[in-house]
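Please work through the exercises below with the sequence and the 3D structure at hand, and try each task before reading its solution.

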Amino acid sequence: MFNRQAQNAQPVANGPAGLLARDVTVTYRNGHTALRGASFAIPRGTVTALVGVNGAGKSTLFKAIMGFVPATRGEIRLLDRTVKQALRENIVAYVPQSEEVDWSFPVLVEDVVMMGRYGRMGLLRRPRTADRAAVDAALERVGMQEFRHRQIGELSGGQRKRVFLARALAQDGQVILLDEPFTGVDVKTEEQIVTLLRALRDEGRVMLVSTHNLGSVPEFCDRTVLMKGTVLAHGPTATTFTRENLERAFGGVLRHVTLGGTELHDDGDPRRVTILTDDERPFVQYGDKTHTAEGQP
Ligand SMILES: Nc1ncnc2c1ncn2[C@@H]1O[C@H](COP(=O)(O)OP(=O)(O)OP(=O)(O)O)[C@@H](O)[C@H]1O
């Protein structure tokens, strides 16, 4: 199965890429191969959606890019550097899923953002003027200055996301990995995050956004990487986020998909996407909520 999928993936260009994966295979210690022969290339100055069903290998790819798990085959390059070099130079920043964070841990907002500077500090982690300035600027940029002395656990879901975005900004990450940035945030925060991602894109950074919120992909992602144990397809969203590719990735029959806002759902809502899964139970993703056919969250 994997071989067939790998053959279907487009070839990877050799040009200077922001983020490049060539034939990447990751096998966990228990022998499970979560990613097989994954290849894609993302230029700098782009926002790319990483899309696929649960277990498709999105987190595994993130872990490989961050050097948490080794690629058992193939190579990953970030701004023409190996994963090791990129780690040493603090090139990769990560905005985690909310579930990965222990929110009961007593830490102030400004301390979380300062963590983005750790890679640049000495062993004692004593912040210098430049570190404090970077934290101030990052908090300002995400509109969280007034919350800097709050405990992280006292914030709303959207505010927490903004704090972790600020950490990535303080780090000055050139490749920013975002895991489900729109889950648990309201529409206004989603708009703020999208505006920020666009600004970061215009600065030439590479953003890879893992999302189940398919409706927003054509809206703000220049490129899409579709996964299912490997990379099924990658490229500009206009040519990759297609009905055919989505059906391959999600294994169902797709209804009412909006592609760049050209095709609308019956009720005229351009952000609604319906996919009939293998067991014929349709689900609709809209904003951060997944609804069943009956419309129940
Ligand atoms: N540490 C691990 N050891 C062994 N297998 C793992 C490990 N982590 C994940 N896997 C397996 O690898 C596969 C890919 O998992 P991964 O977490 O990368 O998927 P995902 O696309 O991020 O899913 P989701 O959308 O649910 O977050 C799954 O079958 C999962 O069970």
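The following exercises concern a predicted model, and each is followed by a worked solution.

**Exercise 1.** Determine how helices α6 and α7 are arranged relative to each other, and which residues make the contact.

*Solution.* Begin with the axes: α6 (residues 157-171) and α7 (residues 187-202) pack at an angle of about 15°, and their axes are 10 Å apart. Angles under 35 degrees count as roughly parallel, and the two helices α6 and α7 are therefore roughly parallel to each other. Next comes the handedness, for α6 passes α7 in a left-handed crossing. The contact itself is made on the α6 side by Gly158, Lys161 and Leu165, and on the α7 side by Thr189, Ile193 and Leu196. Sorted by character, the residues of this contact comprise three nonpolar, two polar and one charged.

**Exercise 2.** Describe the open sheet of six strands, and explain why β6 and β10 have one side left without a neighbour in the sheet.

*Solution.* Write down the strand order, which is β6-β7-β8-β3-β9-β10, with mixed pairing. Because β6 (92-95) and β10 (231-236) stand at the edges, each has a single partner strand, and one side of each is left without a neighbour in the sheet. From one strand to the next, the twist averages 15°.

**Exercise 3.** Examine how β3 is joined to β9, and find the bridge partner of Ala49.

*Solution.* Strands β3 (residues 46-51) and β9 (residues 223-227) run parallel and are joined by four bridges. Looking then at Ala49, its bridge partner in β9 is Thr224.

**Exercise 4.** Which strands does α6 lie across?

*Solution.* Helix α6 lies across β6 and β7 (175-179), and runs at about 170° to β6.

Methods. Residues numbered from 1 in each chain as written. Predicted model: local features only at pLDDT ≥ 70, side-chain atom pairs only at ≥ 80, totals over all residues. Axes fitted to C-alpha atoms, helices over the stretch in contact; angles between N-to-C directions. Parallel < 35°, antiparallel > 145°, perpendicular 65-115°, else oblique. Left-handed = near helix turned anticlockwise from the far one by under 90°. Contact = placed C-beta atoms within 7 Å. Nonpolar A, V, L, I, M, F, W, Y, C, P; charged D, E, K, R; others polar. Pairing = 2+ DSSP bridges.
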